[in-house]
Amino acid sequence: MNRGDCLCGTVCYQVDGPIAMMSHCHCSMCRKHHGALFASFVATPVSQFRWLAGERDVRTFPSSNNGKRSFCGICGSVAPIVLPEIDMAFAPAGNLEGDLGIKPQSHMFVGSKASWYTITDDLPQHDKYPPGFDAPDNVRPAVNAKAGFVLGSCLCGDVAFEIEGAPTRVMNCHCSRCRRARSAAHATNVFYRAEQFRWTRGQEIVADYKLPGARFFATAFCRRCGGELPRISTERGVAVVPAGSLDTDPGMQPMAHIFVESRASWFEITDRLPQFAEMPPHN
Ligand SMILES: [Zn+2]
Ligand SMILES: [Zn+2]
Ligand SMILES: [Zn+2]
């Protein structure tokens, strides 16, 4: 069995093996919801899934006529989706502990992946769902670029923001907090100076969650849809922007993988970026 926990620890669940399927998803809905460049899910029959705690704190957002997304109402971590009608439960792999007994088998929705992300592993790539998997697909409309700015929004679109100028750095972080916050293999965080950043709508429904006991670690999400959003730290003068929340190309690639010592056992790094066990020196 593998236990899953949201970032704040309120929503807990258990997935019993053997896990039937595991896949990375690059669809625009997953990217928005997780704030990551891609999501990674495991799927099992419903009988192998069990809520352990916090089910009443799970919020659900109808992301389309035929789809729903769920998240922890306190910290915004993506929560599992249980679909008895097709006897499947889908759980975000970034929140699961331990050896899953399975590795990702494919990339799906590669046709709608972020244009600035390159897949470097050898797994099969599917434009939409893998063959034989018949389900409706939902793709968000593209957002027009604005010269000199990078644009972003949440999954439901009620929250939007713009950032002027170039990022200061972009990092792939594999620490357990980032994995739980993004419910993904790793976070890709785009850093800006706070004054470059501006909410253009919906700031009043942005929830801020600061991890108790952590010096800096905090996250933000849309209260309505659970989409991960930038967190503006006024004390540090920094805007930390989840790459998946961006609608347009930030114009900078990730510089390194950090905290690779705590990376997910099922995730293999296949690009050539520098890797640091924890933080890079002089960071
Ligand atoms: Zn939580
Ligand atoms: Zn997806
Ligand atoms: Zn939203």
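Donors are N, O and S atoms within 2.8 Å of the metal (3.2 Å for Na, K and Ca); water is not among the atoms, so sites may look incomplete. With that rule, the zinc ion (ligand 3) has the protein donors Cys154 (SG), Cys156 (SG), Cys222 (SG) and Cys225 (SG), at 2.3 to 2.4 Å.

This is a predicted model, in which local features need pLDDT of at least 70, side-chain atom pairs count only at pLDDT 80 or more, and totals for chains, interfaces and linings use all residues. Residues are numbered from 1 along each chain as its sequence is written, chains are lettered from A and ligands numbered from 1 in the order in which they are written, and side-chain values use heavy atoms, with hydrogens and water left out.

**The zinc sites**

| Zinc ion | Protein donors | Distance | Spacing in sequence |
|---|---|---|---|
| ligand 1 | Cys6 (SG), Cys8 (SG), Cys72 (SG), Cys75 (SG) | 2.3 to 2.4 Å | C-x1-C-x63-C-x2-C |
| ligand 2 | Cys25 (SG), Cys27 (SG), Cys30 (SG) | 2.2 to 2.3 Å | C-x1-C-x2-C |
| ligand 3 | Cys154 (SG), Cys156 (SG), Cys222 (SG), Cys225 (SG) | 2.3 to 2.4 Å | C-x1-C-x65-C-x2-C |

Next comes geometry. Four donors count as tetrahedral if all angles lie between 85 and 135 degrees; four count as square planar and six as octahedral if opposite donors are over 155 degrees apart and all others between 65 and 115; anything else is irregular. Around the zinc ion (ligand 1), the 4 donor atoms subtend angles of 100 to 115°, so the arrangement is tetrahedral. The zinc ion (ligand 3) also has a tetrahedral site, with angles of 103 to 114° among its 4 donor atoms.

Where do the donors of ligand 1 sit? Helices (H or I, at least four residues) and strands (E, at least two) are DSSP runs, numbered from the N terminus. Cys8 lies in the loop between strand S1 (2–5) and strand S2 (12–15), and Cys72 in strand S7 (residues 67–72), so the pair ties together parts that are 64 residues apart in sequence.

Accessibility adds to the picture. Buried means under 20% relative accessible area, exposed over 50%, partly exposed in between (1.4 Å probe, protein chains only). Cys8 is partly exposed, at 22%. Cys72 is buried, at 0%. Cys27 and Cys30, donors of ligand 2, are both buried. So are Cys222 and Cys225, which bind ligand 3.

**Salt bridges**

A salt bridge is a side-chain nitrogen of Lys or Arg within 4 Å of a carboxyl oxygen of Asp or Glu. How many salt bridges does this rule give? The count comes to 9.

One of them joins Glu162 and Lys146, with the closest N and O atoms 2.8 Å apart. Glu162 is in strand S12 (residues 160–164) and Lys146 in the loop between strand S10 (107–108) and strand S11 (149–153), so the pair ties together parts 16 residues apart in sequence. Glu162 is buried, with a relative accessible area of 7%. Lys146 is partly exposed, at 37%. These two also belong to a network of salt bridges with Arg198.

Another joins Arg182 and Glu228, whose closest N and O atoms are 2.9 Å apart. This pair links distant parts of the chain: Arg182 is in helix H2 (residues 176–182) and Glu228 in strand S18 (residues 228–229), 46 residues apart. Both residues, Arg182 and Glu228, are buried.

A further bridge pairs Glu195 with Arg193, at 3.1 Å between the closest N and O atoms. Is Glu195 buried or exposed? At 60% relative accessibility, Glu195 is exposed. Arg193 is partly exposed, at 42%.
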